[in-house]
Amino acid sequence: MAEKVSDHLLKRLREWGVERVFGYPGDGINGLLAAWDRADDRPRFIQARHEELAAFEAVGYAKFSDRVGVCAATSGPGAVHLLNGLYDAKLDHVPVVAIVGQTHRESKGGSMQQEVDLHALFKDVAAEYLAEVDVPQQLPNVLDRAMRIAVTRRTVTAVIVPADVQDLDYEPPAHAFKAVPGTLGAPKSATVPERAELHRAAEVLNSGRRVAVMVGQGARGAQEEVAEAADVLGAGVAKALLGKDVLSDEEPYVTGAAGLLGTRPSWEMMRDCDTLLMVGSGFPYSQYLPEYGQARGVQIDIDPAMLGLRYPFEVPLLGDARETLRELLPLLERKGDRGWRRTIEQGVERWWQVQRRRAEVPADPVNPELVAHELSPRLPDDAIVTADSGSTTNWYARHLRFRGTIRGSVSGGLASMGCAVPYAVGAKFAHPGRPVVALAGDGAMQMNGMNELLTAAHYAQEWSDPRLVVAVFTNGDLNQVTWELRAMGAAPRFVPSQRLPDASFAEVARCLGLTGIRVDEPGRVAPAWDEALAAQGPVVVEFVTDPSVPPIPPTATWDQMESMAAALAKGDPEAWSVLERGVRAKAQEFRPGSG
């Protein structure tokens with residue numbers, strides 16, 4: 001049998017080292033599906049429950065494997081469904097390639113069923129590279145470029161293959177004018193700034209007396225260099241949310257997350273510093289950086305588009321974080337006065353005391369801070385943690401102390417709901433021998449998470465470490481939006497939009513043959529985590545938490561306080577419990593021994 005275009009496409013993916021493709025079938029990719037059968041399912045087709053979830057799985061796989069994620073979908077609705085997960089990849093700078101079917105070439109433009117203008121649909125999300133294969137000879141070059149651009153630019157690319165083209169006999173590109181050959185491989189290089197720029201950066205950092213460091217996911221390969229720079233400069237290190245796993249939270253100078261979901265010591269360090277070094281981060285909360293004109297700044301980033309984006313840096317350095325820091329370190333002068341460093345470390349110590357006390361504040365029935373606080377010391381040193389967008393993200397950012405080789409991620413740039421469980425499934429395929437914990441709110445579980453439990457149940461027997469723990473913070477409320485209504489919109493909780501239908505996720509898990517645990521009293525939190533982390537298969541732990549426990553920002557502005565007071569005065573149905581929980585939580589900062 002002659003080799004078809006679809007056969008060669010899968011062969012080319014194998015040559016690129018692609019081991020898994022996350023997708024959902026449809027007649028727009030029937031030719032590919034038949035080729036998968038002929039190829040003995042290589043690369044492995046991982047069937048998600050929905051194309052959006054397939055894209056999220058590819059993102060999770062790419063985030064935790066440091067390899068390209070590949071997803072596939074049919075034409076029309078399948079392609080449309082991919083978009084949310086692909087935008088998540090684009091905004092978080094994750095390499096993902098989408099392979100999408102299309103109606104037959106002779107039908108295009110004829111309003112055929114499921115015909116969508118895919119070039120218009122994907123032109124933004126796959127702006128770096130989007131191409132359609134209309135003749136067999138195009139295939140190697142198009143697929144190779146999509147893979148190489150996704151990997152080297154850490155972005156989303158898309159390849160469109162019409163259904164009839166998939167079934168054509170494959171012909172390689174000819175050695176002829178206008179024929180474009182394919183080329184395998186993506187070069188690995190480390191960009192380093194010019195020497196003069198490094199000396200300028202060193203002058204700024206050496207002149208500072210109170211240096212703050214901010215790291216993002218771009219610094220992940222430069223842990224040792226960041227730690228050494230912070231030591232030489234006597235600095236503290238704050239972490240953007242996507243950089244939470246860059247440095248261990250057990251280091252006394254690591255102030256934790258920064259920004260709206262961040263910690264008080266991170267905010268205090270930015271408030272009081274006179275010099276800022278930012279490494280590999282597109283941190284979006286400019287108001288949580290030093291005031292303009294307060295601090296001199298140096299930024300290191302591999303992407304020129306990110307330089308100077310959040311702060312008026314005096315010296316923007318275009319370069320790989322690790323190699324740039326290695327060249328910069330010999331130029332830095334060790335700070336003899338360690339007073340600033342001691343101040344930071346004292347603030348960090350106080351912060352963890354306050355967090356413990358907040359977790360112990362009584363709630364009805366369970367304090368969500370207690371749930372995250374009890375998980376933190378129980379996380380295996382090689383765990384992978386995913387967190388959904390919502391109030392759950394606050395507890396992930398503030399209470400989990402990463403250490404060892406713990407990895408973690410969220411939907412950073414897009415902040416999309418419904419990502420945690422498909423991220424976790426993708427992570428299990430990237431690292432089947434590592435335990436994975438997904439933290440999700442009940443809104444996110446009702447949106448996407450329950451569907452992905454089916455995927456977890458379907459593939460769990462393939463993972464050498466079967467532990468995939470899905471922790472659901474059940475409070476019956478779309479809680480983050482409720483708090484945003486109160487603090488930013490001066491509006492009370494609008495019950496018709498915010499209240500969620502009742503659902504027992506533990507029962508759903510048991511119906512699927514998984515372990516389901518329901519916790520509705522504080523004394524059961526710690527034992528439930530122990531039970532879940534010891535289980536020999538996927539587990540859903542449903543924690544019934546109090547929606548009135550406030551996700552207090554590191555500092556509240558006067559406008560936020562006015563908005564909150566106005567919202568409660570307008571008849572918020574939880575006004576009294578919100579006030580009571582808020583006062584109790586805030587009071588922990590002023591108890592003896594906390595300051």
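Here are a few friendly notes on a predicted model, to help you find your way around it.

1. A good place to begin is helix H10, which runs over residues 264–272. Its buried residues are Pro 265, Ser 266, Trp 267, Glu 268, Met 269 and Met 270. What lies over them? The cover includes four strands, namely S7 (211–215), S8 (236–239), S9 (254–257) and S10 (275–279), along with helix H12 (339–360).

2. Next, have a look at Glu 132, which sits in strand S5 (residues 130–132). Is Glu 132 buried or exposed? Its relative accessibility is 8%, and because the cut-off for buried is under 20%, Glu 132 counts as buried.

3. Which residues does Glu 132 touch? Leaving aside residues up to four places away in sequence, they are Lys 108, His 119, Gln 138, Ile 160 and Pro 162. One of these, His 119, also has a polar contact with Glu 132: the two side chains are joined at 3.2 Å.

4. Now for the cysteines. How many disulfides does the structure hold? The count is zero. Cys 419, for instance, is in no disulfide, and the nearest cysteine sulfur, belonging to Cys 71, is 15 Å away. A disulfide needs the two sulfur atoms within 2.5 Å, so Cys 419 and Cys 71 do not make one.

5. Finally, compare the surroundings of two cysteines. Cys 419 is buried, its relative accessible area being 0%. Cys 511, in contrast, has a relative accessibility of 69% and counts as exposed, because exposed means over 50%.

Notes:
Residues are numbered from 1 along each chain as its sequence is written. This is a predicted model: local features need pLDDT of at least 70, side-chain atom pairs count only at pLDDT 80 or more; totals for chains, interfaces and linings use all residues. Side-chain values use heavy atoms; hydrogens and water are left out. Buried means under 20% relative accessible area, exposed over 50%, partly exposed in between (1.4 Å probe, protein chains only). Helices (H or I, at least four residues) and strands (E, at least two) are DSSP runs, numbered from the N terminus. Contact means heavy atoms within 4.5 Å. A polar contact is a pair of N or O atoms within 3.5 Å; within protein, one must be able to donate a hydrogen and the other to accept it, and residues adjacent in sequence count only if both atoms are side-chain atoms.
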